[in-house]
Amino acid sequence: MAQFLDTILNSTPAPVVGRSMRFAGLRQALLTENVANATTPGYKQRDMDVNAFRASLAKSLDERDRGGRLDLSGVDESLTFETGGITFHDGNNRSMEQLMTESAKNALQHNALAELLRKQYSQLRSALREVPQ
């Protein structure tokens with residue numbers, strides 16, 4: 001039974017959507033931390049590399065599509081320090097407009113992924129109810 005569920009789950013987008021939600025959640029925490037430390041002297045904004053995450057996720061999906069098993073353990077969720085923006089006299093490189101824009105975009109992405117995952121599990125639950133005993 002466990003192998004059956006593992007096969008079903010790995011053949012759907014649910015693990016990828018779940019991993020993307022995890023990334024968006026971790027990123028939202030960092031963006032919130034950046035906002036909270038906007039007036040902290042010397043604080044440097046941190047973020048996660050969205051492009052590296054997407055590239056490593058695409059690589060994992062390509063490997064699965066070539067007949068391999070979906071392995072998301074190597075997906076890049078690395079932390080980066082923002083070097084852009086204006087450095088203020090207190091050493092902080094805040095950019096509130098950029099932070100709020102990125103935070104809103106990330107929250108929308110997280111909510112869309114949550115809805116997609118909810119529908120995936122709802123379909124899976126419906127399919128399992130239809131299995132004859």
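Trainee: At what relative accessibility does Glu 115 stand?

Mentor: This is a predicted model, in which local features need pLDDT of at least 70 and side-chain atom pairs count only at pLDDT 80 or more, while totals for chains, interfaces and linings use all residues. Residues are numbered from 1 along each chain as its sequence is written, and side-chain values use heavy atoms, with hydrogens and water left out. Buried means under 20% relative accessible area, exposed over 50%, and partly exposed in between (1.4 Å probe, protein chains only). Glu 115 counts as partly exposed, because its relative accessibility is 34%.

Trainee: Which residue forms a salt bridge with Glu 115?

Mentor: A salt bridge is a side-chain nitrogen of Lys or Arg within 4 Å of a carboxyl oxygen of Asp or Glu. The partner lies with Glu 115 in helix α4, three residues apart, about one turn of the helix; helices (H or I, at least four residues) and strands (E, at least two) are DSSP runs, numbered from the N terminus. With its closest N and O atoms 2.6 Å apart, the salt bridge joins Glu 115 to Arg 118.

Trainee: What relative accessibility does Arg 118 have, and which residues are joined into one network by salt bridges that share partners?

Mentor: Arg 118 counts as partly exposed, because its relative accessibility is 47%. Salt bridges that share partners form one network, whose members are Arg 27, Asp 47, Glu 102 and Lys 105.

Trainee: In which helices do Arg 27 and Glu 102 lie?

Mentor: The side chains of Arg 27 and Glu 102 meet in a salt bridge of 2.7 Å, N to O. This pair links distant parts of the chain, 75 residues apart, with Arg 27 in helix α2 (residues 14-36) and Glu 102 in helix α4 (residues 96-130).

Trainee: How far apart are the closest N and O atoms of Lys 105 and Glu 102?

Mentor: Lys 105 and Glu 102 are separated by about one helical turn, because they stand three residues apart in helix α4. Glu 102 is buried, with a relative accessible area of 19%, whereas Lys 105 counts as partly exposed at 48% relative accessibility. In the salt bridge that Lys 105 forms with Glu 102, the closest N and O atoms lie at 3.2 Å.

Trainee: Which residues does Phe 23 touch, not counting those up to four places away in sequence?

Mentor: Phe 23 has its place in helix α2, and it counts as buried, because its relative accessibility is 6%. Contact means heavy atoms within 4.5 Å. Beyond the sequence neighbours just excluded, Phe 23 touches Met 48, Asp 49, Val 50, Phe 53, Asp 76 and Glu 77.

Trainee: What radius of gyration does the protein have, where a compact globule of 133 residues would be near 14 Å?

Mentor: The elements run α-α-β-α-β-α from the N terminus on, and the C-alpha atoms fill a box of roughly 70 × 30 × 20 Å, taken along the principal axes. The radius of gyration is taken over C-alpha atoms, and the globule rule is 2.2 Å times the number of residues to the power 0.38. Against the value near 14 Å for a compact globule of 133 residues, the protein has 19 Å.

Trainee: What share of the residues in the protein is buried?

Mentor: Among contacts with a separation of 6 or more, residues 24 or more positions apart account for 74%. Of the 133 residues in the protein, the buried ones make up 32%.
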